[in-house]
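Work through the exercises below with the sequence and the model at hand. Try each task before reading its solution.

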Amino acid sequence: MMLRRREKPMLTLVEFEPEHFRTLASWLRSERDLVQWGGPDLTYPLTDPQLEQMVEEGKMTPPARLCWMAVDVAQTVVGHVQLALDWKNGVARVARVIIAPEVRGRGHASALLEAVVKQAFSYGAIERTELNVYSWNTAAVRTYNKVGFSHKGLKRSSVRVGDERWDTAVMGILRPEWEARQL
(Lines give C-alpha, C1' and ligand atoms only; values in the text may rest on other atoms or scores of the structure.)
Protein backbone atom coordinates (compact mmCIF):
# COMPACT_ATOMS: atom_id res chain seq x y z
CA MET A 1 0.00 0.00 0.00
CA MET A 2 1.43 3.33 -1.04
CA LEU A 3 0.78 6.29 1.24
CA ARG A 4 0.06 9.54 -0.52
CA ARG A 5 1.50 12.69 0.91
CA ARG A 6 -1.19 15.15 1.89
CA GLU A 7 -1.26 18.05 -0.52
CA LYS A 8 -0.59 21.45 0.97
CA PRO A 9 -3.62 23.74 0.88
CA MET A 10 -3.48 26.64 -1.56
CA LEU A 11 -3.82 29.92 0.34
CA THR A 12 -3.95 33.54 -0.65
CA LEU A 13 -3.07 36.43 1.65
CA VAL A 14 -5.66 39.23 1.60
CA GLU A 15 -5.31 42.57 3.32
CA PHE A 16 -6.62 42.58 6.89
CA GLU A 17 -9.69 44.84 7.00
CA PRO A 18 -12.21 45.86 9.68
CA GLU A 19 -14.66 43.32 8.22
CA HIS A 20 -12.26 40.60 9.49
CA PHE A 21 -11.99 41.90 13.06
CA ARG A 22 -14.92 39.92 14.48
CA THR A 23 -13.74 36.66 12.89
CA LEU A 24 -10.22 37.00 14.25
CA ALA A 25 -11.41 38.01 17.72
CA SER A 26 -13.72 34.98 17.83
CA TRP A 27 -10.70 32.66 17.51
CA LEU A 28 -9.18 34.10 20.71
CA ARG A 29 -11.41 32.72 23.46
CA SER A 30 -9.30 33.50 26.55
CA GLU A 31 -6.50 35.69 27.85
CA ARG A 32 -4.17 32.71 27.36
CA ASP A 33 -5.22 32.43 23.68
CA LEU A 34 -4.68 36.17 23.21
CA VAL A 35 -1.20 36.18 24.77
CA GLN A 36 -0.22 33.09 22.81
CA TRP A 37 -1.28 34.83 19.59
CA GLY A 38 -0.41 38.46 20.19
CA GLY A 39 2.01 38.66 23.09
CA PRO A 40 1.63 40.19 26.54
CA ASP A 41 0.94 43.78 25.47
CA LEU A 42 -2.61 43.19 24.22
CA THR A 43 -5.63 43.27 26.51
CA TYR A 44 -8.32 40.58 26.58
CA PRO A 45 -10.85 40.64 25.08
CA LEU A 46 -9.33 41.84 21.82
CA THR A 47 -11.07 45.03 20.73
CA ASP A 48 -11.50 46.87 17.46
CA PRO A 49 -9.23 49.76 18.60
CA GLN A 50 -6.39 47.29 19.25
CA LEU A 51 -6.85 45.80 15.79
CA GLU A 52 -7.23 49.23 14.17
CA GLN A 53 -3.81 50.18 15.59
CA MET A 54 -2.26 47.17 13.85
CA VAL A 55 -3.86 48.16 10.54
CA GLU A 56 -2.68 51.77 10.96
CA GLU A 57 0.94 50.61 11.22
CA GLY A 58 0.56 49.36 7.66
CA LYS A 59 -0.35 52.81 6.40
CA MET A 60 2.99 54.34 7.37
CA THR A 61 5.66 54.99 4.76
CA PRO A 62 7.36 52.59 4.76
CA PRO A 63 4.93 50.28 6.57
CA ALA A 64 5.92 49.15 10.06
CA ARG A 65 3.52 46.19 10.06
CA LEU A 66 1.56 44.35 7.41
CA CYS A 67 -1.48 42.26 8.34
CA TRP A 68 -3.28 39.63 6.30
CA MET A 69 -6.04 37.09 6.50
CA ALA A 70 -5.45 33.80 4.69
CA VAL A 71 -8.20 32.48 2.46
CA ASP A 72 -8.41 29.09 0.76
CA VAL A 73 -9.53 28.34 -2.79
CA ALA A 74 -13.18 28.44 -1.68
CA GLN A 75 -12.54 31.97 -0.30
CA THR A 76 -13.02 30.72 3.27
CA VAL A 77 -10.99 32.64 5.85
CA VAL A 78 -8.64 30.10 7.44
CA GLY A 79 -5.96 32.15 9.19
CA HIS A 80 -4.24 35.40 10.05
CA VAL A 81 -0.61 36.53 10.04
CA GLN A 82 1.35 39.74 10.49
CA LEU A 83 4.78 40.90 9.42
CA ALA A 84 6.57 43.57 11.48
CA LEU A 85 9.23 45.31 9.41
CA ASP A 86 12.52 46.77 10.63
CA TRP A 87 13.67 48.49 7.45
CA LYS A 88 16.83 49.98 8.99
CA ASN A 89 18.22 46.54 9.87
CA GLY A 90 16.61 44.53 7.05
CA VAL A 91 14.62 42.31 9.41
CA ALA A 92 11.04 41.08 9.05
CA ARG A 93 9.37 39.48 12.07
CA VAL A 94 6.55 37.03 11.47
CA ALA A 95 4.00 37.68 14.19
CA ARG A 96 0.50 36.93 15.35
CA VAL A 97 0.03 33.71 13.43
CA ILE A 98 -3.26 31.89 13.96
CA ILE A 99 -5.21 29.25 12.09
CA ALA A 100 -9.01 29.11 12.42
CA PRO A 101 -9.83 26.48 15.07
CA GLU A 102 -12.09 24.51 12.74
CA VAL A 103 -9.33 23.89 10.16
CA ARG A 104 -6.31 23.24 12.36
CA GLY A 105 -4.27 20.15 11.61
CA ARG A 106 -4.85 20.29 7.85
CA GLY A 107 -1.59 21.89 6.68
CA HIS A 108 -2.81 25.48 6.58
CA ALA A 109 -0.10 26.72 8.97
CA SER A 110 2.75 25.60 6.71
CA ALA A 111 1.07 27.12 3.66
CA LEU A 112 0.43 30.37 5.53
CA LEU A 113 4.02 30.59 6.77
CA GLU A 114 5.48 29.86 3.35
CA ALA A 115 3.33 32.64 1.88
CA VAL A 116 4.35 35.20 4.50
CA VAL A 117 8.06 34.35 4.30
CA LYS A 118 7.86 34.70 0.52
CA GLN A 119 6.21 38.08 1.07
CA ALA A 120 8.94 39.13 3.51
CA PHE A 121 11.76 38.24 1.13
CA SER A 122 9.96 39.91 -1.78
CA TYR A 123 11.37 43.13 -0.28
CA GLY A 124 14.99 43.41 -1.39
CA ALA A 125 15.93 45.19 1.85
CA ILE A 126 14.95 42.19 4.01
CA GLU A 127 17.86 39.86 4.75
CA ARG A 128 16.50 38.04 7.80
CA THR A 129 13.04 36.85 8.78
CA GLU A 130 12.51 35.89 12.39
CA LEU A 131 9.77 35.06 14.86
CA ASN A 132 9.13 34.48 18.53
CA VAL A 133 7.21 31.44 19.74
CA TYR A 134 6.46 30.20 23.23
CA SER A 135 8.63 27.13 23.73
CA TRP A 136 5.75 24.99 25.06
CA ASN A 137 3.98 25.38 21.68
CA THR A 138 5.65 22.33 20.13
CA ALA A 139 3.22 22.09 17.20
CA ALA A 140 4.11 25.63 16.12
CA VAL A 141 7.84 25.04 16.62
CA ARG A 142 7.62 21.89 14.48
CA THR A 143 5.82 23.83 11.73
CA TYR A 144 8.34 26.68 11.82
CA ASN A 145 11.19 24.16 11.51
CA LYS A 146 9.43 22.50 8.57
CA VAL A 147 9.24 25.85 6.76
CA GLY A 148 12.99 26.46 7.32
CA PHE A 149 13.26 28.44 10.55
CA SER A 150 15.94 27.38 13.01
CA HIS A 151 16.40 28.10 16.71
CA LYS A 152 18.49 31.19 17.45
CA GLY A 153 17.95 31.56 21.20
CA LEU A 154 15.69 31.31 24.22
CA LYS A 155 14.36 34.07 26.45
CA ARG A 156 13.67 32.25 29.70
CA SER A 157 10.65 33.17 31.83
CA SER A 158 9.89 36.05 29.47
CA VAL A 159 6.12 36.31 29.92
CA ARG A 160 3.69 35.86 32.78
CA VAL A 161 0.18 34.63 32.04
CA GLY A 162 -1.84 34.20 35.22
CA ASP A 163 0.33 32.10 37.52
CA GLU A 164 2.44 30.68 34.67
CA ARG A 165 5.81 31.83 33.31
CA TRP A 166 6.51 31.12 29.64
CA ASP A 167 9.85 30.88 27.82
CA THR A 168 10.11 32.46 24.37
CA ALA A 169 12.09 30.75 21.63
CA VAL A 170 13.61 32.96 18.94
CA MET A 171 13.75 31.44 15.46
CA GLY A 172 14.98 32.82 12.15
CA ILE A 173 15.87 32.23 8.53
CA LEU A 174 18.28 34.22 6.37
CA ARG A 175 17.59 35.14 2.76
CA PRO A 176 20.28 32.74 1.36
CA GLU A 177 18.82 29.87 3.42
CA TRP A 178 15.32 30.63 2.13
CA GLU A 179 16.53 30.98 -1.47
CA ALA A 180 18.28 27.58 -1.25
CA ARG A 181 14.98 26.01 -0.21
CA GLN A 182 13.27 27.48 -3.30
CA LEU A 183 15.46 25.52 -5.75
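The model is predicted.

**Exercise 1. The sheet**

Find the order of the strands in the open sheet of seven strands, and name its edge strands.

Solution.
- Step 1. Reading across the open sheet, the seven strands come in the order 1-2-3-4-5-7-6, and the pairing is mixed.
- Step 2. Strand 1 (12-15) and strand 6 (150-161) each pair on one side only, which makes them the edge strands.
- Step 3. On average, and ignoring direction, neighbouring strands of this sheet are turned by 30° against each other.
- Step 4. At one edge, strand 6 runs antiparallel to strand 7 (residues 164-174), and eight bridges join the two. V161 is placed opposite E164 of strand 7.
- Step 5. Helix 4 (residues 108-121) packs on the sheet. Among the strands that helix 4 touches are strand 2 (65-71), strand 3 (77-86) and strand 4 (91-99). The direction of helix 4 makes about 155° with that of strand 4.

**Exercise 2. Strand 3 and its two partners**

Describe how strand 3 pairs with strand 2 and with strand 4, then locate G79 in this arrangement.

Solution.
- Step 1. Strand 2 and strand 3 are antiparallel, with seven bridges. W68 has V81 of strand 3 as its bridge partner.
- Step 2. These two strands form a hairpin with five residues between them.
- Step 3. Strand 3 and strand 4 are also paired in the antiparallel sense, over seven bridges. Their hairpin has four residues between the strands, and G90 in the turn has a positive phi of about 70°.
- Step 4. G79 belongs to strand 3 and stands opposite I99 in strand 4.
- Step 5. Is G79 buried or exposed? The cut-off for buried is under 20% relative accessible area. G79 has 0% relative accessibility, so G79 counts as buried.
- Step 6. Leaving out residues up to four places away in sequence, G79 touches W27, W68, M69, A70, I98, I99 and A100.
- Step 7. For strand 3 as a whole, eight of its 10 residues are buried.

**Exercise 3. The loop between strand 2 and strand 3**

Compare D72 and Q75 by their accessibility.

Solution.
- Step 1. D72 is found in the loop between strand 2 and strand 3, and Q75 is in the loop between these strands too.
- Step 2. D72 is buried because its relative accessible area is 17%. Q75 counts as exposed because its relative accessibility is 57%.
- Step 3. The side chain of D72 reaches the backbone nitrogen of A74 at 3.0 Å.
- Step 4. Beyond its neighbours within four places in sequence, D72 is in contact with M10, L11 and V78.
- Step 5. D72 and H108 are 36 residues apart along the chain, and their C-alpha atoms are separated by 8.8 Å.

**Exercise 4. R175**

State what surrounds R175 and which backbone atom its side chain reaches.

Solution.
- Step 1. R175 is in helix 6 (residues 175-181).
- Step 2. R175 has 12% relative accessibility and therefore counts as buried.
- Step 3. The side chain of R175 reaches the backbone oxygen of Y123 at 2.7 Å.
- Step 4. Not counting residues up to four places away in sequence, R175 touches F121, Y123, G124, I126 and E127.

**Exercise 5. The largest pocket**

Which element gives the most residues to the lining of the largest pocket?

Solution.
- Step 1. The largest pocket has a volume of about 1,400 Å³.
- Step 2. It is lined by 48 residues, and V97, V133, N137, A140 and Y144 are the closest to its centre.
- Step 3. Elements that give two or more residues to this lining include helix 2 (31-38), strand 5 and helix 5 (138-147).
- Step 4. Strand 4 gives the most, with seven residues.

**Exercise 6. Backbone exceptions**

Locate the cis peptide bonds before P45 and P62, and the positive phi values of Q75 and S157.

Solution.
- Step 1. Most residues other than glycine have a negative phi, and most peptide bonds are trans.
- Step 2. Y44 and P45 are joined by a cis peptide bond with omega about -5°. P45 is in the loop between helix 2 and helix 3 (48-57).
- Step 3. T61 and P62 are joined by a cis peptide bond with omega about -10°. P62 lies in the loop between helix 3 and strand 2.
- Step 4. Q75 has a phi near 65°.
- Step 5. S157 has a phi near 50° and is in strand 6. At 33% relative accessibility, S157 counts as partly exposed.

How values were computed
Residues are numbered from 1 along each chain as its sequence is written. This is a predicted model: local features need pLDDT of at least 70, side-chain atom pairs count only at pLDDT 80 or more; totals for chains, interfaces and linings use all residues. Side-chain values use heavy atoms; hydrogens and water are left out. Two strands pair if DSSP finds at least two bridges between them. Axes are lines fitted to C-alpha atoms, for helices over the stretch in contact, and angles run from 0 to 180 degrees between N-to-C directions. Contact means heavy atoms within 4.5 Å. Buried means under 20% relative accessible area, exposed over 50%, partly exposed in between (1.4 Å probe, protein chains only). A polar contact is a pair of N or O atoms within 3.5 Å; within protein, one must be able to donate a hydrogen and the other to accept it, and residues adjacent in sequence count only if both atoms are side-chain atoms. On a 1 Å grid over the protein atoms alone, a cavity is a set of points where a 1.4 Å probe fits but cannot get out, and a pocket is an open set with protein on both sides within 12 Å along at least five of seven lines; lining residues have an atom within 4 Å of a point. Grid points are joined across faces, edges and corners, and a volume is the space filled by probe spheres set on the points.
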